[in-house]
Amino acid sequence: MNSRLKSFSHAFRGLCDAVRNETNIKIHVIAAILVITFGLFLQLSSIEWLIVLFCIGLVISMEIINTAIEQLADAISTDFHPKIKSAKDMAAGAVLISAIMAFIIGLLIFVPKLFQLCQTQA
Ligand SMILES: Nc1ncnc2c1ncn2[C@@H]1O[C@H](COP(=O)(O)OP(=O)(O)OP(=O)(O)O)[C@@H](O)[C@H]1O
């Protein structure tokens, strides 16, 4: 197989493994499907779609990197090690920041749209 195609298939296998085995990633994927459905219903503008899709991609990517770091750390040692603690906590912190930012951005985009919808219905 062409080496580029091989790298792509490894990446795709990693993605499938992550979604199949990691509960947190499953939750993020379900949340992403709900947000996209809601976005279609509220007819987001192009720029709003760009921001929403970027946030979804960022949070899921961060969660996958966090899982990869956890697995790598566990493969090295499951004994307590301050550096492993620090690495795992930092990776979890990165997920937390991206999720909080995505949540705030989601509120800024969706709440005014919902108010608009309620006003037009009233
Ligand atoms: N080998 C270790 N040495 C030191 N601290 C560790 C070690 N393994 C885990 N920890 C600590 O325990 C926390 C939880 O680690 P764990 O690997 O269980 O991830 P988790 O929070 O269960 O992640 P997830 O829910 O995404 O699977 C880490 O953030 C870290 O603070």
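Is Gln43 buried or exposed? In this predicted model, Gln43 has 10 other C-beta atoms within 10 Å, and since a residue counts as exposed at 12 or fewer, Gln43 is exposed. Gln43 sits in the loop between α2 and α3, just after the end of α2. The backbone does something worth a look there: phi at Gln43 is positive, about 50°, although the residue is not a glycine. Most residues other than glycine have a negative phi.

**The helices**

Let's check the helix lengths against what 1.5 Å a residue would give. Here are three of them side by side.

| Helix | Residues in helix | Expected span | End C-alpha atoms apart |
|---|---|---|---|
| α2 (residues 23–41) | 19 residues | 27 Å | 27 Å |
| α3 | 31 residues | 45 Å | 45 Å |
| α4 | 40 residues | 58 Å | 57 Å |

For α2, the expected span and the end-to-end distance agree. The same kind of check works for α3, where 45 Å is expected and the end C-alpha atoms are 45 Å apart. With α4 it is 58 Å expected and 57 Å in the model, which agrees too.

Now to the record. The UniProt entry, which is unreviewed, places "transmembrane region" at residues 27–44, 50–69 and 90–111. How does the model look over those stretches? Residues 27–44 are 83% helix and 0% strand, and their end C-alpha atoms lie 23 Å apart. Residues 50–69 are 100% helix and 0% strand, with end C-alpha atoms 28 Å apart.

**What is packed inside**

Which residues have the most contacts inside the largest nonpolar core? They are Ile25, Val52, Cys55, Ile56, Val59, Ile60 and Ile64, in a core of 14 residues. Both α3 (46–76) and α4 supply at least two residues of this core. The largest share, seven residues, comes from α3. One of the core residues, Ile64, touches Ala18 and Ile25, leaving aside residues up to four places away in sequence.

The buried list for α3 goes beyond nonpolar side chains: Val52, Cys55, Ile56, Val59, Ile60, Met62, Glu63, Ile64 and Asn66 are buried. So what covers them? Among the elements doing so are α1 (3–21), α2 and α4.

Helix α2 offers a handy example of a pair across the fold. Ala31 is in helix α2, and Ala31 comes within 8.9 Å of Ile56, C-alpha to C-alpha, with their positions 25 residues apart in sequence. Ala31 is partly exposed, with 17 other C-beta atoms within 10 Å.

**Helix α4, mostly in the open**

How many of the 40 residues of α4 are buried? The number is four, so α4 lies largely in the open. Those buried residues are Ala91, Val95, Ala102 and Ile109, and they pack against α3.

Two other α4 residues can be lined up against Thr67. Ala92 lies in helix α4 and is 9.0 Å from Thr67 in space, C-alpha to C-alpha, with the pair 25 residues apart in sequence. Gln116 is in helix α4 as well, but Gln116 and Thr67 are 39 Å apart in space and 49 residues apart in sequence. As for surroundings, Ala92 has 14 C-beta neighbours inside 10 Å and counts as partly exposed. Gln116 has 11 C-beta neighbours inside 10 Å, so Gln116 counts as exposed.

**Around the ligand**

Which residues surround the ligand? The shell is made up of Asn24, Glu70, Ser77, Thr78, Phe80, His81, Ile84, Lys85, Lys88, Asp89 and Ala92. Sorted by class, that gives three nonpolar, four polar and four charged residues. Helix α4 (residues 82–121) gives the most to this shell, with five residues. Ala92, the partly exposed residue met above, turns up here as well, as one of the residues around the ligand.

Key:
Residues are numbered from 1 along each chain as its sequence is written. This is a predicted model: local features need pLDDT of at least 70, side-chain atom pairs count only at pLDDT 80 or more; totals for chains, interfaces and linings use all residues. A residue is near a molecule or strand if its C-beta atom, placed from the backbone, lies within 6 Å of it. Ala, Val, Leu, Ile, Met, Phe, Trp, Tyr, Cys and Pro count as nonpolar, Asp, Glu, Lys and Arg as charged, and the others, Gly among them, as polar. A nonpolar core is a set of buried Ala, Val, Leu, Ile, Met, Phe, Trp, Tyr and Cys residues joined through C-beta atoms within 7 Å. A residue is buried if 20 or more other C-beta atoms lie within 10 Å of its own, exposed if 12 or fewer, and partly exposed in between; C-beta atoms are placed from the backbone. Two residues are in contact if their C-beta atoms, placed from the backbone, lie within 7 Å. UniProt positions are given in the numbering used here, feature names are shortened, and annotations may be inferred rather than shown by experiment. The expected span of a helix is 1.5 Å times one less than its number of residues.
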